[in-house]
Amino acid sequence: MTRRSALVVGAGIGGLSAAIALANSGWTVRVLERRARSVATGAGLTLAANAMRALGELGVAAAVRKVGTPFTLGALRRADGRVLMDADASMPQGVAVRRSDLHDVLQDAVPPGSVTWSASVDAFETTPEGVSVRLGDGRTIEGELLVVADGLRSRLRRRMYGSEPLRYAGSTVWRALVPFDVGSLSSETWGCGRRFGIVPLRDGWAYVFAVEVTPSGGRDAEGGRRALIKRFAGWHDPIAELIHAADDDAVMRDDLYDRPPLRTPWGQGRVTMLGDAAHPTTPNLGQGAAQAMESAVMLGRVLQERPDDVVLALRRYEAMRAPRTAMITRTSARFGWLAQRSSPVACALRDALLQRTPSPWRERQLAAILGYDVTTDRIRP
Ligand SMILES: Cc1cc2nc3c(=O)[nH]c(=O)nc-3n(C[C@H](O)[C@H](O)[C@H](O)COP(=O)(O)OP(=O)(O)OC[C@H]3O[C@@H](n4cnc5c(N)ncnc54)[C@H](O)[C@@H]3O)c2cc1C
């Protein structure tokens with residue numbers, strides 16, 4: 001049987017996951033990536049239980065576990081260290097990884113030679129039989145279907161839907177990997193207009209992130225580490241020590257954006273979208289990459305179920321993924337709104353509310369996100 005050919009634009013977490021799912025479903029995949037080689041930026045990443053389930057379906061969960069560290073959601077604290085919400089031992093474990101390690105695992109799992117580097121896709125054209133993409137150097141490449149996974153600022157999405165401004169989340173994030181052993185519990189600390197997160201990594205390292213309510217486009221003239229030392233002075237241990245342990249050059253600063261959920265269809269004919277190109281979300285729930293992985297699994301599944309009607313399969317994939325990804329984007333934005341309260345009165349009210357939130361309610365909210373099984377499209381009991 002001749003294998004059918006699929007094109008994927010972007011070799012990020014979404015594009016590589018899609019390539020693995022398509023290859024597992026019998027497609028020959030060509031991934032077109034504008035970068036000259038693989039460079040994963042962004043320090044660390046938490047892979048929640050639903051992400052690990054999707055990675056299991058892609059056949060790479062064991063390899064990810066090998067390079068990652070199991071972690072459980074730790075306590076939510078106030079800046080003075082007082083606990084707002086206890087660690088929840090009943091929640092399923094996730095795995096924390098360095099982004100570069102996750103990229104290596106995903107790249108190793110796509111068939112050798114599938115990724116073409118330095119291939120910037122400028123445009124595409126669809127025909128009843130297939131899709132043709134045009135690269136920046138003038139080359140054209142053809143396939144039977146196209147998965148657009150070129151990230152938050154997707155050029156190809158713009159070509160389909162016109163210019164839609166990104167939605168600024170109102171806050172900026174600083175991220176770093178630090179040589180510091182924090183045990184096995186992740187934790188988050190909420191102050192007024194600021195928060196700090198700690199995630200354990202293997203070999204005595206930690207991934208830390210700090211978020212502040214601030215206008216977009218700011219800079220740290222004095223360097224990221226010094227900026228954080230000032231901002232988090234007086235916060236509970238070991239936050240100051242962690243910041244001091246960071247290498248100044250290793251602190252990354254980014255403004256946070258998402259987009260309102262897109263109505264279906266997410267594509268045209270034999271073209272669809274996946275990952276941040278289709279469903280960008282704020283990182284408040286640590287679910288952006290998880291959603292890209294779930295979408296990849298679903299895409300592979302529907303194409304296997306409807307091999308003779310690619311267009312119908314792509315529309316089915318979009319219809320299956322749209323409600324869940326929209327729910328995640330909205331919940332994440334709401335969570336960010338709560339976390340980023342910056343007036344003392346609003347923070348006091350928020351903290352009082354959090355301390356009184358009954359655990360069964362919290363567990364139900366988390367279960368809807370972490371308990372999802374993409375293979376059955378259901379929440380696990
Ligand atoms: C601060 C922060 C923390 C996060 N933490 C988590 C977390 O803990 N857990 C989690 O699940 N998610 C997290 N996320 C979300 C996650 O990082 C993203 O959802 C995920 O990386 C998106 O992957 P992607 O492949 O869709 O997009 P990208 O990673 O942006 O990849 C797009 C790729 O397409 C390429 N490209 C772009 N344009 C073209 C073109 N024209 N031609 C060819 N190639 C092109 C780019 O070079 C890039 O390689 C976080 C996000 C942020 C900002």
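This section describes the ligand shell, the sheets, two helices and two loop residues of a predicted model.

The ligand is surrounded by 34 residues, of which G10, G12, G151, G275 and G288 come nearest. By class, this shell comprises 15 nonpolar, 11 polar and 8 charged residues. Four elements each contribute at least two residues to the shell: the helices α1 (13-24) and α8 (288-305), and the strands β3 (44-47) and β12 (167-178). The largest share is that of α8, with 4 residues.

An open sheet of 5 strands is formed in the order β7-β2-β1-β11-β17, with parallel pairing. The edge positions are taken by β7 (115-116) and β17 (271-273); each has a single partner strand, so one side of each is left without a neighbour in the sheet. The parallel pair of β11 (residues 145-148) and β17 is joined by 3 bridges. Within this pair, V147 is placed opposite T272 of β17. Helix α1, one of the elements contributing to the ligand shell, lies across β1 (4-9), β2 (27-32) and β11. The direction of α1 makes an angle of about 165° with that of β2.

A further open sheet consists of 3 strands in the order β8-β9-β10, and its pairing is antiparallel. Here β8 (121-126) and β10 (140-143) are the edge strands; because each has a single partner strand, one side of each is left without a neighbour in the sheet. Neighbouring strands of this sheet are turned by 20° against each other on average, direction ignored. Between β9 (residues 131-135) and β10 there are 4 bridges in the antiparallel sense. V133 is located opposite I141 in β10.

Strand β3, which supplies at least two residues of the ligand shell, also pairs with β6 (residues 94-98) in the antiparallel sense, over 4 bridges. The bridge partner of L47 in β6 is V95. In a regular strand the side chains alternate between the two faces of the sheet. Both faces of β3 are covered, with G44 and T46 buried on one side and L45 and L47 buried on the other.

Helix α10 (residues 344-356) has 13 residues, which at 1.5 Å a residue should span 18 Å; the C-alpha atoms at its ends are 18 Å apart, in agreement with this expectation. The helix is hardly covered, the count of buried residues among its 13 residues being 0.

Two loop residues were also examined. P179 is situated in the loop between β12 and β13 (185-190). P179 has 13 C-beta neighbours inside 10 Å and therefore counts as partly exposed, since the exposed class ends at 12. Leaving aside residues up to four places away in sequence, P179 touches G204, W205 and A245. The C-alpha atom of P179 is separated by 31 Å from that of D258, which lies 79 residues away along the chain.

G234 belongs to the loop between α6 (224-231) and α7 (239-245). With 9 C-beta neighbours inside 10 Å, G234 counts as exposed. G234 and A79 are 155 residues apart in sequence, while their C-alpha atoms are 7.9 Å apart in space.

Technical notes
Residues numbered from 1 in each chain as written. Predicted model: local features only at pLDDT ≥ 70, side-chain atom pairs only at ≥ 80, totals over all residues. Near = placed C-beta within 6 Å. Nonpolar A, V, L, I, M, F, W, Y, C, P; charged D, E, K, R; others polar. Pairing = 2+ DSSP bridges. Contact = placed C-beta atoms within 7 Å. Axes fitted to C-alpha atoms, helices over the stretch in contact; angles between N-to-C directions. Expected span 1.5 Å × (residues − 1). Buried ≥ 20, exposed ≤ 12 C-beta atoms within 10 Å, placed from the backbone.
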